[in-house]
Amino acid sequence: MTDQAAASSRRAPRVARDEARKHGLRKRVNRVEGQIRGIGRMIDEDRYCVDILTQLAAVRSALDALGIELLEHHLHGCVQQAVKSGDGAAAIDEALAVIRRFAH
């Protein structure tokens, strides 16, 4: 665990995801893993560059959707809980830093 990850896990309360949400997130990750493996096969097979680039765009879109879902959970769960417990400023600063990295 990095120093930043350790500091983050100490300062903000975590709100557990329900099992259905965890299952949905895991399903998305599995789909992206499959897409990445497919891209590797396409490269091995010397497939048309545009087809590979199209698949890369699909992976990027899938990762963005996963990130948005996690960000929504963080804001509605973890940040909201931090605000209620009086530690909202730090949680909001952390969320803004994550949003900035995510928006690249």
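Here is a friendly chat about a predicted protein model and how its helices fit together.

Q: Hi! How many helices and strands does the protein have?
A: Hello! This is a predicted model, and its secondary structure consists of four helices and zero strands. Following the sequence, the pattern reads α-α-α-α.

Q: Okay, and what share of the residues is buried?
A: Of the 104 residues in the protein, 22% are buried.

Q: What about the surface, how much is exposed?
A: The protein exposes about 7600 Å², and 56% of that comes from carbon and sulfur atoms.

Q: Let's go inside. Which residues make up the largest nonpolar core?
A: There are five of them: Val-32, Ile-39, Met-42, Ile-52 and Val-59.

Q: Which helices supply at least two residues each?
A: Those are α2, which covers 19-44, and α3, which covers 49-84. The biggest giver to this core is α2, with three residues.

Q: Can we zoom in on one core residue? What does Ile-52 touch?
A: Leaving aside residues up to four places away in sequence, Ile-52 touches Ile-39, Met-42, Ile-43 and Arg-47. Two of the partners, Ile-39 and Met-42, are also members of the core.

Q: So how do α2 and α3 pack, at what angle?
A: Their axes are 10 Å apart, and the angle is about 160°. An angle over 145 degrees counts as roughly antiparallel, so α2 is roughly antiparallel to α3.

Q: And is that crossing left-handed or right-handed?
A: The crossing of α2 and α3 is left-handed.

Q: What about the loop between those two helices, which residue lies there?
A: Asp-46 is one residue in the loop between α2 and α3. Asp-46 has a positive phi of about 55°, although it is not a glycine.

Q: Is Asp-46 buried or exposed, and why?
A: Asp-46 counts as exposed, because its relative accessibility is 69% and the cut-off for exposed is over 50%.

Q: Let's try pairs across the helices. How far apart are Ile-36 and Ala-58?
A: Along the chain they are 22 residues apart, and their C-alpha atoms are separated by 10.0 Å. Ile-36 belongs to helix α2, and with 45% relative accessibility it counts as partly exposed.

Q: And how far apart are Ala-65 and Arg-28?
A: In space they are 8.9 Å apart, C-alpha to C-alpha, while in sequence they are 37 residues apart. Ala-65 sits in helix α3 and counts as partly exposed, at 31% relative accessibility.

Q: What share of the contacts comes from residues 24 or more positions apart?
A: Among contacts in the protein with a separation of 6 or more, residues 24 or more positions apart account for 61%.

Q: New topic: how do α3 and α4 cross?
A: Helix α4 spans residues 88-103, and its axis comes within 9 Å of the axis of α3, with a crossing of roughly 170°. The two helices are therefore roughly antiparallel to each other.

Q: Which residues make that contact?
A: From α3, they include Asp-64, Gly-67, Ile-68, Leu-71 and His-74, as well as Leu-75, Val-79, Ala-82 and Val-83. From α4, they include Gly-88, Ala-91, Ile-92 and Glu-94, along with Ala-95, Ile-99 and Phe-102.

Q: Can you recap which way α3 runs against α2 and α4?
A: Sure: α2 is roughly antiparallel to α3, and α3 and α4 are roughly antiparallel to each other.

Technical notes. Residues are numbered from 1 along each chain as its sequence is written. This is a predicted model: local features need pLDDT of at least 70, side-chain atom pairs count only at pLDDT 80 or more; totals for chains, interfaces and linings use all residues. Side-chain values use heavy atoms; hydrogens and water are left out. Buried means under 20% relative accessible area, exposed over 50%, partly exposed in between (1.4 Å probe, protein chains only). Contact means heavy atoms within 4.5 Å. Accessible areas come from the Shrake-Rupley method with a 1.4 Å probe; for residues, only the protein chains shown count as cover. A nonpolar core is a set of buried Ala, Val, Leu, Ile, Met, Phe, Trp, Tyr and Cys residues joined through side-chain atoms within 4.5 Å. Axes are lines fitted to C-alpha atoms, for helices over the stretch in contact, and angles run from 0 to 180 degrees between N-to-C directions. Angles under 35 degrees count as roughly parallel, over 145 as roughly antiparallel, 65 to 115 as roughly perpendicular and the rest as oblique. A crossing is left-handed if the near helix is turned anticlockwise from the far one by less than a right angle, and right-handed if clockwise.
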